[in-house]
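Open your viewer and get ready to select residues by number. We will walk through this protein one stop at a time.

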Amino acid sequence: MAVRTDRACVIGAGSSGIASCQVLNARGVGFDCFEAGSRVGGNWRYLNDNGMSSAYRSLHINTSRQLMQYAAYPMPADYPTYPGHAQIAGYFDNYVDHFGLREKIAFQTTVESVEPRSGGGFEVNVRAVDGDRRTDTYGAVLVANGHHWDPRWPVFPGADGFTGRQRHSHDYKTPDDLADRRVLVLGIGNSACDLAVESSRTAARTFLAIRRGAHVVPKYLFGMPTDHLTTSPLAHGPLWTQRLGLALMLRLVRGSVSSYGLPTPDHKVLAAHPTISDDLLTRLGHGDITVKPTIDRFDGDTVRFTDGSAERIDDVIYCTGYKISFPFLDERIISPADNEISLFHRVVSPDCPGLFFVSLVQPLGATMPIAEAQSAWIADLLLGTATLPPMAQMRAEIEAYKRKLRKRYVTSRRHTIQVDFQDHLADIRAERRAGARRRGSSVALDLQ
């Protein structure tokens with residue numbers, strides 16, 4: 001067993017893992033990165049052979065490239081504002097090659113377990129695709145395995161006896177097998193809207209079952225990418241002004257969602273993760289998608305809804321989100337029950353020194369710049385240029401974050417790791433400065 005307490009272990013080579021690799025490499029922190037698949041890109045690698053990508057063939061980003069790109073390596077200027085998954089995966093390939101990271105990643109290697117050692121550090125057990133196993137010891141572990149790969153399935157009476165086909169959006173790739181079928185999509189998030197729109201162009205009938213109304217936000221407002229208006233520092237005033245401004249813009253641009261047949265949202269704008277779609281309202285207006293309330297039960301080939309109506313259905317696609325999962329961590333180390341994780345500034349495990357989580361957030365914005373910022377803070381801690389505050393202070397910050405979530409967002413497993421893009425980046429910068437002051441050093445925040 002190799003002992004590498006001066007090195008870090010990075011789990012996953014998706015968008016967050018490779019950001020951590022780049023930052024650690026630039027700062028001179030030794031690391032090993034393990035990726036279950038044969039290529040980088042994680043969720044953005046369509047048909048990823050690690051089996052965990054939820055990308056479908058038509059997938060495009062719903063945050064603009066200017067917001068999504070890494071600060072250290074901008075996307076090509078000739079990319080469209082909202083690139084597709086193939087362009088994003090190509091961007092990741094160019095990123096790791098530009099920084100010379102590819103040879104530092106162990107591909108087709110799965111991390112099977114991470115165990116804290118009594119004297120500090122972690123024993124990390126990995127298995128290569130050829131069956132070879134090994135155990136190394138690391139001083140720190142950066143978890144970057146993502147949180148959109150372990151499907152959360154709903155439970156409805158009679159579902160086991162449904163004669164049609166049921167699948168989760170995680171397993172949906174193309175609409176080819178929906179031709180001439182009656183399709184029910186459950187959900188009102190981004191994937192649900194994309195899949196309902198796509199189904200409506202192929203299927204005989206498409207139904208969209210919704211438990212709660214949503215504010216549908218277009219990708220462009222007044223000719224500008226919407227996130228340029230809603231996440232810029234200039235637009236980031238008090239929450240009530242953000243809500244008022246966005247609500248007024250939405251009212252001017254698309255009117256009320258109820259005029260398209262959607263239920264009126266029972267919450268304010270920005271009280272839930274936004275649903276972003278340019279096409280849903282048009283397809284509803286054309287009558288190509290029929291809105292239904294949520295499922296009550298199944299009855300043979302029939303789905304019965306909570307308003308008493310019923311439809312014969314051939315295919316049900318559940319767009320019901322994902323569970324936060326760490327198959328390599330014992331629940332005594334960290335338990336993601338109900339998708340709730342207690343982390344200092346959403347990164348640091350107070351109870352397990354040296355264990356960090358990268359991009360375990362659901363931002364109103366993009367994750368890649370967040371992964372860079374979080375990794376820079378982690379590098380500070382590993383290099384000793386910053387230290388953490390006392391345990392009581394860390395726990396107080398965690399509880400304050402949870403109170404803020406409960407006050408602002410609709411109660412849902414979807415909103416347990418929510419952050420505002422600009423706020424979170426500002427919090428990380430502030431903590432880096434505070435950590436440097438505790439250590440008696442300084443941190444150049446313009447550097448990684």
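Begin with an open sheet of 5 strands, which follow the order β8-β19-β9-β10-β15 and pair in parallel. Select 165-168 for β8 and 290-293 for β15: these are the edge strands, and each pairs on one side only. Look along the sheet and you will see the twist, which averages 25 degrees from one strand to the next. Keep in mind that you are looking at a predicted model.

Now zoom in on β8 and β19. These two strands run parallel and are joined by 4 bridges. To find a bridge, select Gln166 and then its partner in β19, Val316.

Next, show residues 190-200, helix α4. This helix lies across β9, β10 and β19, and runs at about 160 degrees to β10. Is α4 mostly covered or mostly open? It is mostly covered, with 9 of its 11 residues buried. Among the buried ones are Ala192, Cys193, Leu195 and Val197. To see what covers them, add β9 (182-186), β10 (205-210), β14 (275-276), α7 (280-285) and β19 (315-318), which are included in that cover.

Time to look inside. Which residues touch the most other members of the largest nonpolar core? Select Leu280 and Phe326, the two that do so in this core of 113 residues. Helix α8 (residues 368-383) gives the core its largest share, 9 residues. A second, separate core has 14 residues, including Leu186, Phe207, Val316 and Tyr318. Go back to Phe326 and display some of the residues it touches, among them Val143, Ile334, Pro336, Phe357 and Leu360.

Our next stop is aromatic rings. The whole structure holds 16 aromatic pairs. Pick Tyr73 and Tyr95: their ring centres are 6.0 Å apart and their planes meet at 70 degrees, so this pair is edge-to-face. Tyr73 sits in the loop between α2 (65-68) and α3 (85-98), while Tyr95 belongs to helix α3, so the pair ties together parts 22 residues apart in sequence. Tyr95 is buried, with a relative accessible area of 0%. Add Tyr70, Tyr91, Phe92 and Phe99, and together with Tyr73 and Tyr95 you have one aromatic cluster.

Finish with two places where a charge meets a ring. Select Lys219 and Tyr82: the charged end of Lys219 sits over the Tyr82 ring, 4.9 Å from its centre. Then select Arg346, which lies over the face of Tyr401 at 3.6 Å from the ring centre.

Terms used. Residues are numbered from 1 along each chain as its sequence is written. This is a predicted model: local features need pLDDT of at least 70, side-chain atom pairs count only at pLDDT 80 or more; totals for chains, interfaces and linings use all residues. Side-chain values use heavy atoms; hydrogens and water are left out. Buried means under 20% relative accessible area, exposed over 50%, partly exposed in between (1.4 Å probe, protein chains only). Contact means heavy atoms within 4.5 Å. Two strands pair if DSSP finds at least two bridges between them. Axes are lines fitted to C-alpha atoms, for helices over the stretch in contact, and angles run from 0 to 180 degrees between N-to-C directions. A nonpolar core is a set of buried Ala, Val, Leu, Ile, Met, Phe, Trp, Tyr and Cys residues joined through side-chain atoms within 4.5 Å. Rings of Phe, Tyr and Trp (its six-membered ring) pair if their centres lie within 6.5 Å; planes under 30 degrees apart count as stacked, over 60 as edge-to-face and the rest as tilted. A charge sits over a ring if NZ of Lys or CZ of Arg is within 6 Å of the ring centre and within 35 degrees of the ring normal. Lists of a residue's contacts leave out its neighbours within four places in sequence.
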